[in-house]
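Colleague: I am new to this structure and would love a close look at a single part of it. Could you pick a place to start and lead me on from there?

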Amino acid sequence: MGAGTAFCILASSRNSIHHSWQARLQEENSVYETEMTTIYEAAKYAVTLQSDIKIWSDSQSSLKTIANGSTSNKIEREIQTLLLHYTNIRLGWTRAYVGYLGNEMADYLAKTAITTVGVSIHHVALPRCSGMCHEGMARAVGP
């Protein structure tokens, strides 16, 4: 079925959704790739807005990787490039599962993206892996 990914922008009243995006990734994609895709799609959408935007994520590992600045991963580089060119977009960390409405809504949308008919399948390139990596993966999930 794949993994769901989503982001939402709350309306100024903070109790309804102004805009949302959701997609389903391939089964082979990792949770990390799902988190990075969500940040990337949110940043791309934020570029279209003419105001200061803060993108909140509960993925510390994704945010630390983006802040690190040196990566060979395409989506990570694209996020870094967007943030360098559009200084009105900022990233921030939020705790998961503590009731923050925006985070809870995004989690709900991501979960429903897996089973909702009509949600697009978003193709994220899988990282390159040597033969040893595939062999190790086969052993980890095989008989």
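Modeller: Happy to! Let us start with Ala3, which is partly exposed, with a relative accessible area of 22%; the cut-off for buried is under 20%, so Ala3 does not count as buried. Please keep in mind that this is a predicted model.

Ala3 sits in the segment before strand 1 (4-10). Leaving out residues up to four places away in sequence, Ala3 touches Ala23, Arg24, Leu25, Gln26, Thr34 and Ile114. There is also a long jump along the chain here: Ala3 and Ala110 are 107 residues apart in sequence, yet their C-alpha atoms are separated by 7.8 Å. Such long-range pairing shows up across the chain, where residues 24 or more positions apart account for 68% of the contacts with a separation of 6 or more.

Now let us step back to the whole chain. Five helices and four strands make up its elements, and read along the sequence they follow the pattern β-β-α-β-α-α-β-α-α. Of the 143 residues, 34% count as buried.

What lies inside? The largest nonpolar core has 18 residues, and Ile55, Ile66 and Ile79 have the most contacts inside it. At least two residues of this core come from each of strand 2 (17-24), helix 1 (31-47), strand 3 (53-57), helix 2 (60-68) and helix 3 (74-85). Helix 1 gives the most, with six residues. To see how the pieces meet, follow Ile79: beyond its neighbours within four places in sequence, Ile79 is in contact with Met36, Ile39, Tyr40 and Ile66. A second, separate core has five residues, including Ala6, Cys8, Leu109 and Ala110. You have already met Ala110, as the residue whose C-alpha atom is 7.8 Å from that of Ala3.

Helix 1 deserves a further look for the way it meets helix 2. The two pack at an angle of about 65°, with their axes 9 Å apart, and helix 1 passes helix 2 in a right-handed crossing. On the helix 1 side, the contact is made by Tyr32, Glu35, Met36 and Ile39; helix 2 brings Ser61, Ser62, Leu63, Thr65 and Ile66. By class, that contact has five nonpolar, three polar and one charged residues.

Finally, let us turn to charge. Side chains of opposite charge can pair when their charged atoms come close. A search of the whole structure finds two salt bridges. In one, Glu41 pairs with Lys44, the closest N and O atoms being 3.4 Å apart. Both residues are in helix 1, and because they are three residues apart, about one helical turn separates them. Glu41 has 10% relative accessibility and so counts as buried, whereas Lys44 is partly exposed, with a relative accessible area of 37%.

The other salt bridge joins Glu78 to Lys74, with the closest N and O atoms 3.8 Å apart. Here both partners lie in helix 3, four residues apart, about one turn of the helix. Glu78 is partly exposed at a relative accessible area of 26%, while Lys74, at 57% relative accessibility, counts as exposed. Helix 3 is also one of the elements that supply at least two residues to the largest nonpolar core.

Key
Residues numbered from 1 in each chain as written. Predicted model: local features only at pLDDT ≥ 70, side-chain atom pairs only at ≥ 80, totals over all residues. Heavy atoms only, no water. Core = buried A, V, L, I, M, F, W, Y, C linked by side-chain atoms within 4.5 Å. Buried < 20%, exposed > 50% of the residue type's maximum accessible area, 1.4 Å probe, protein only. Contact = heavy atoms within 4.5 Å. Axes fitted to C-alpha atoms, helices over the stretch in contact; angles between N-to-C directions. Left-handed = near helix turned anticlockwise from the far one by under 90°. Nonpolar A, V, L, I, M, F, W, Y, C, P; charged D, E, K, R; others polar. Salt bridge = Lys/Arg side-chain N within 4 Å of Asp/Glu carboxyl O.
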